[in-house]
Amino acid sequence: MNGKMYPVPFPRLLEWIKGEYRHQRSIFGINSVNFYKTPGSHEFKLGDQSCWRPLGPAAGPHTQMAQNIVAAYLTGARYFELKTVQQLDNLEIAKPCIAADKEGYNTEWSTELSVPEAFDEYLKAWLAIAYIRHSIIKEWSGETHRYIFNMSIGYDLAGIQSSKIDHFIENMRLAEKTPQFKKYCKHLIEVEKFTWSTSSDISSSITLSTMHGCPPGEIEAIATYLLADKRLHTYVKLNPTLLGYDFVRSTLDRTGFRHIQLNPASFERDLQFVQAIPILKRLQSLAIKNNLTFGVKLSNTLAVINNQGKLPGEEMYLSGSALYPLTINLAFRLAQVFDSNLPISYSGGADFFNIGKILSTGIAPITVATNLLKPGGYLRLGQLAEEVDKHSGAWESGKVNLEILAQLAEQAIPPNRQNIYIEPKPVPKAARRLPLFDCFIAPCQERCPIHQDVANYLRFVNKSDFDNALESILMQNPLPNITGYICDHQCMSACTRNYYDNPLAIRDMKRVAAENGHIQSQKVTKKKSTAKRVAILGAGPAGLATAFFLQKAGFSVTVFDRNPQAGGTVRFIIPGFRLPLSAIERDVRFIASQGVGFIFGQPSNLTIEELRQNGFDYIVLAIGAGISPSLPIQSENSNIIEAVEFLKRYNQKANFNLGRTVAIIGGGNSAMDAARAARRIPGVAEVSILYRRTIAQMPADQEEVENALADGVVFRELITPVEFSKDGILKCQRMRLGEPDASGRPRPVPVNDFEDLCVDTLITAIGEQVDQKYLRKIGLNPNKRGRLDVNPETNESTLPNVFIGGDAFRGPATVVEAITDARKIATAILKKEKLPVATLPSSRFNLDSTTEQSIVQKKGKVCSTTGVFNAPEQIKAEAGRCLECDLLCMRCVDVCPNRANIAVRVEDDNFRNAYQIVHLDALCNECGNCATFCLYENGQPYRNKFTIFSDVTSFTDSQNDGYVRTGNIFLIRTASQTWQFDPEKDTDPKDYSLENRQVINLLQILRTEYPYL
Ligand code: SF4
Ligand code: SF4
Ligand code: SF4
């Protein structure tokens, strides 16, 4: 492990291609179901070379090694912008150098290989593709599968004129005189019996890459040299800084990238638009004179301040989605000046959603990099290729359609919205150590506080088998209807589809299953296994869920509530426009059908002693948090109402006269509910939410903030009311953010600045508390914040066999948190009674080949949700978007540009997953991309996965678990211990620990099924 990759020698490269295709029907991890075999239908010409689909990887991590280029060809690429070479070819690149989880960033630039090694890689790729086309996938042998290699060089004239770079250019232009070409062709003919003649004209075109800050005169001098002296078809790569700081800043702000920090100085030191135009015009004239193509490559990455702490250094280079609005606008401005006659090679946030539109302007070729670094990896090229093929021929006129381009440029920047900015949060990961083997998990299940088996019930929903889907949900969640509407769906924040389009509509799918599934009570309820009785105080979500789990386990459960019906907060406080009564009633009916007893209208003063005397062995306090703290402001105005009271009356359809203007104090979900309810009261014209911190720190779910925004609620951040006068003047003090407080959020600090607002009614939503008087009465001692001292493992209070859960324990919390407490309490009681506790199955997951192929195909496809789930086919399609991460994760395999992680099929009961991830040390440059996307917090597949080393020195220098082969002996390291294995002698793995048994089994599979590795 030294961050250095080692090229694969040409004969071995061919052995690998052949062997993998024969044994696994894949090549460099690209399953043959993802080979893109459709021929192109319109030729794209670049000088004397041509391809039939001007799409492929941009100069970057996907065009550095031969195997990368081959992988891109297999998935549909036919135009390759090779990784930049430069004279200084022994620079150390600090690692990791790529972070592409949201928009893309990198700190790498030219190839990490020496210039001669880079040439060798490009030559091997050139010949390997020819070999695949003619000897392996013969459908590809026709003209319509031809491909273009485009060189990329940098960064200064002296370097480009050096003999090292000059040799590179000349060898790429005509490789036949090089010894490597002769040697590889001999091998192809003599060993592989390859009979096709292969062109040695690898490339006659070039993209000039210049440093950020390169002087205009230098850019022109290099391009002049390339055109006039080297007679190469030339694209000059330009920076987005040409658009000027103000335009770039405001575009990033308006397109959701306010968190990106720019350095104004980098705009001043780069080429300016007015300088660029005459240079480009002179170069264009020169190209015409020399009968060459000249154009621009749009665009380079954008240098930004490194404020994310993921990559080394102070500056990093922005790419991906944030670049699209900038690059397309730059394309439009240049096309306008050149009256459509400037060829544009495009790269800058091209993806499935926009590639067809970009092509329809006539722009081509299009290259991508960031897109291929995300889950799906190279497989994403297939869908992009389909889009390109739909617009085949758009490039034939050689001109750009200004009208279409103008529309695209305009549409890329939405109009200014209300000045609200919610910074995108990172996709959360599993807070566990990445295991050596069996790492596949469904991130949605991991993230769900009650670990619902989402992938499993989505599979049933996909088959319209709602009964089994509901049964699967009920294993962990007894309130599927309620949570089907108002769960805060943390699962969706972790969904793999966040990296593609939008997360699975998991909550909606649960609602669909709950509404359509039928479960017979006896399928869920077990026989009576204990005579013990449980009293639950409170029929809200926590009480209902605890009742279900314990009744199901055989206890006799009675729920007491002071209200006339069950549901608690969700029935009486949450407005009907968020949660219909019918959903609550369905869940309550189901729980009652399990045999749970309910006693309603019970005064809320039952003591523990009374309950014990009445024969209850266990008591669960699920009494909610219904007491509002007093408002810390001076007020002579009586038009103040607490949110809980307001919402309760709103749900009872009470008549209100709130006046025209309503202000809500608070930033939680109750504040959002109150604001949205107030917007619906006749006569109310304006509703504002006043919050003492910023919107980013609001405890309300982001979705509820967005719903309130959509309902027209006005948000005022960093402001707190201090006085409410009789005549309706609400005096507010401004705040600023200070140091973090105990919650980790920046503390709001008052500043000496006030604002008067005219308000008719003030609604306070500043967090409800549990009834502390009652807790004291029954012998418990809440602290100042109303919290009790409980056993964190069981939620048992200081009174034996008295438990507490839900809002009563946590303060205002979510329904799924209430269910979490319910599960914890039920488990604790079962353990006390020595009854079996339900656990999730840990048996081996079966993965049949049909399911596998369907998942593998989906992994390369962007497929947005429709958001509408009325018709059966809409529901089926949504559930079918699931990538079934529990059965086949492989993110690290897909996102590795260097193909340094492989998935090995294991047919062995020692493993749970059908595939195991194995890392190939020699191919890895420690770019860090697989770690970015691994499902585990701090998971680094390139360090934590079982590794194959190609020599003893690499094995010794590394700490990875793995092996190196020396003759017939395998030198193995597991858990920091090194040991040897001789497959001829040490045949019985029974004596080994489970992990070492797994290692031995894996080795045997690698020897027999993956002999080419
Ligand atoms: S794709 Fe499916 S299994 Fe994966 S996280 Fe999303 S819902 Fe869960
Ligand atoms: S294995 Fe990981 S760190 Fe290594 S090259 Fe691949 S993505 Fe980069
Ligand atoms: S990314 Fe790779 S190592 Fe991480 S969980 Fe997925 S398959 Fe395992």
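Start by selecting ligand 3: 13 residues surround it, and C439, C889, M890, C892 and C934 come nearest (a residue is near a molecule or strand if one of its heavy atoms lies within 4 Å of it). Colour that shell by class and you get eleven nonpolar, no polar and two charged residues. Here Ala, Val, Leu, Ile, Met, Phe, Trp, Tyr, Cys and Pro count as nonpolar, Asp, Glu, Lys and Arg as charged, and the others, Gly among them, as polar.

A word on what you have open: this is a predicted model, where local features need pLDDT of at least 70 and side-chain atom pairs count only at pLDDT 80 or more, while totals for chains, interfaces and linings use all residues. Residues are numbered from 1 along each chain as its sequence is written, chains are lettered from A and ligands numbered from 1 in the order in which they are written, and side-chain values use heavy atoms, with hydrogens and water left out.

Now hop to ligand 2. Its shell holds 14 residues, the closest being C896, C924, C927, G928 and C930. By class, that shell has seven nonpolar, six polar and one charged residues.

Next, pick helices α17 (454-462) and α34 (872-880), which pack at about 145° with their axes 8 Å apart. Helices (H or I, at least four residues) and strands (E, at least two) are DSSP runs, numbered from the N terminus; axes are lines fitted to C-alpha atoms, for helices over the stretch in contact, and angles run from 0 to 180 degrees between N-to-C directions. Show L458, V461 and N462 of α17 together with I875, K876, A879 and G880 of α34 to see the contact (heavy atoms within 4.5 Å). Those contact residues split into four nonpolar, two polar and one charged.

On to the sheets. Select the open five-stranded one, ordered β22-β29-β23-β24-β25 with parallel pairing; two strands pair if DSSP finds at least two bridges between them. β22 (640-642) and β25 (714-716) are the edges, each with a single partner strand, so one side of each has no neighbour in the sheet. Inside the sheet, four bridges join β23 (661-665) to β29 (761-764), and A663 has L762 as its bridge partner. Add helix α27 (643-651), which lies across β22 and β29 at about 80° to β22.

Last stop: an open sheet of four strands, β7-β8-β14-β13, with antiparallel pairing. Zoom in on β13 and β14 (315-319), joined by four bridges. L302 finds its partner in β14 at L318.
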